[in-house]
Protein chains: 2
Amino acid sequence: MENNQQPPHSTRIPTWLDSLQASGYRITGSLRAVVEVIATSNFICSPMEIYLQAARQYPGLGLVTVYRTLEKLEDLGLVERVHREDGCHSYIAAAEGHQHLLICTNCKRAEHFSGDDLSPLMAELGTTRGFHIQGHWLQLFGLCRDCQCSLEEAAQ
Amino acid sequence: MENNQQPPHSTRIPTWLDSLQASGYRITGSLRAVVEVIATSNFICSPMEIYLQAARQYPGLGLVTVYRTLEKLEDLGLVERVHREDGCHSYIAAAEGHQHLLICTNCKRAEHFSGDDLSPLMAELGTTRGFHIQGHWLQLFGLCRDCQCSLEEAAQ
DNA sequence: ATATAATTGAAAATGATTTTCAATTTCAAT
DNA sequence: ATTGAAATTGAAAATCATTTTCAATTATAT
């Protein structure tokens with residue numbers, strides 16, 4: 001089940017733009033530039049990183065517009081906010097259904113996986129602790145294949 | 001396996017103070033006040049909440065000192081930082097060993113549980129995705145027994 | 001073409017957290 | 001008890017991500 005070299009993420013762009021337009025948002029140059037960056041990235045991206053990349057396509061872009069665009073995309077469920085250790089947030093294209101993230105601590109590459117082996121755990125906790133469970137947060141951290149290699153080399 | 005009405009959390013206070021002193025930190029009134037609040041709480045507490053409570057015991061306490069004290073306690077592994085949805089942080093007395101948190105979304109009561117059913121999942125991902133997994137983040141959210149009742153009443 | 005409502009970027013505001021700094025306090029050694 | 005060096009303090013200022021304000025611009029339905 002490869003998740004990497006799958007359908008080119010660029011196919012997301014027209015879909016997202018249609019979705020945005022259908023929801024009454026207007027399609028502007030700024031919007032396109034931000035969508036292109038976040039829709040095609042395999043890495044979690046901070047608003048600043050998105051801004052810096054998108055501004056190459058669309059100079060004059062403002063960082064505030066990136067924040068506003070990400071909010072729209074999140075509202076439509078196209079993009080997912082990722083909580084970082086430092087309390088800031090990064091973003092990544094959302095996965096279908098209920099999935100979790102596996103994030104490379106070195107390069108920030110991220111892959112989704114479905115780990116619904118959690119349901120029994122949650123059911124058990126519901127009864128033993130008397131909690132009515134509503135949701136959960138699960139993120140895994142590690143080194144992706146590329147970073148394992150490059151860090152090994154660097155260590156020599 | 002009740003986790004609630006267990007050994008009174010107040011026994012943590014002398015232990016923590018000893019631990020702090022043994023590490024070369026000086027025991028001051030501010031420190032005591034902050035330790036007393038966080039060591040005995042069953043809820044996740046923000047620095048501001050700790051400040052407001054501790055300042056009743058030790059007027060003149062500064063919010064900055066709360067931040068500094070929490071940092072010391074975290075360094076010693078006595079306290080654990082909890083990531084919140086809004087990106088801010090709350091704190092709670094750390095559990096023994098590797099545990100996860102179950103947090104009431106209404107009153108912020110928190111209980112630890114050990115959920116090491118995750119190891120097989122992580123091992124599998126290591127191989128299928130080529131990641132070398134280093135750690136994970138798991139938090140469950142729900143309503144504690146008390147809040148389930150009080151919210152039911154309120155709904156009537 | 002036009003009117004209107006959405007969108008824009010810049011600048012200012014916010015709010016949690018951190019840093020700076022001079023004054024105070026702890027505690028080990030007298 | 002006294003002392004003195006090093007740790008700790010609170011206040012004020014600085015930082016930094018994020019949000020709000022606002023007047024100017026722009027997309028789109030008509």
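In the predicted model, the buried residues of helix H4 of chain B are B:Val66, B:Thr69, B:Leu70 and B:Leu73. These residues cover an arc of only 105° around the axis and therefore lie on the same side of H4(B). An α-helix has 3.6 residues a turn, so residues three or four places apart point the same way. On the other side of H4(B), the exposed residues are B:Val64, B:Glu71 and B:Asp75. The buried residues of H4(B) pack against four elements of chain B, namely H2, helix H3 (47-57), strand E1 (79-83) and strand E2 (89-93).

The length of H4(B) was compared with the expected helical rise. At 1.5 Å a residue, a span of 18 Å is expected for its 13 residues, and the end C-alpha atoms are 19 Å apart, which agrees. H4(B) is followed by B:Gly77, for which phi is positive, near 75°.

H4(B) also takes part in the surface near DNA strand D, to which it gives the most, with three residues. In total, 23 residues surround DNA strand D, and the closest of them are A:Arg26, B:Tyr25, B:Ser30, B:Gly62 and B:Thr65. Two or more residues of this surface are given by each of helix H4 (63-75) of chain A, helix H2 (29-40) of chain B and helix H4 (63-75) of chain B. By residue class, the surface near DNA strand D comprises nine nonpolar, eleven polar and three charged residues.

For DNA strand C, the surrounding residues again number 23, and A:Tyr25, A:Ser30, A:Gly62, A:Thr65 and B:Arg26 come nearest. The elements giving two or more residues to the surface near DNA strand C are helix H2 (29-40) and H4 of chain A, along with H4 of chain B. Here H4(A) gives the most, with three residues. The surface near DNA strand C divides into nine nonpolar, eleven polar and three charged residues.

The relation between the two protein chains was then examined. Two copies of a chain are related by a rotation about an axis and a shift along it. Chain B can be laid on chain A by a turn of 180° and a shift of 0.0 Å along the axis, with an RMSD of 0.0 Å. This is the relation of a two-fold axis. The same surface serves both copies, in that 100% of the contact residues of chain B recur in chain A.

Conventions: Residues numbered from 1 in each chain as written. Chains lettered and ligands numbered in written order. Predicted model: local features only at pLDDT ≥ 70, side-chain atom pairs only at ≥ 80, totals over all residues. Near = placed C-beta within 6 Å. Nonpolar A, V, L, I, M, F, W, Y, C, P; charged D, E, K, R; others polar. Least-squares fit on C-alpha atoms with pLDDT ≥ 70 in both. Contact = placed C-beta atoms within 7 Å. Expected span 1.5 Å × (residues − 1). Buried ≥ 20, exposed ≤ 12 C-beta atoms within 10 Å, placed from the backbone. Arc of directions from axis to C-beta.
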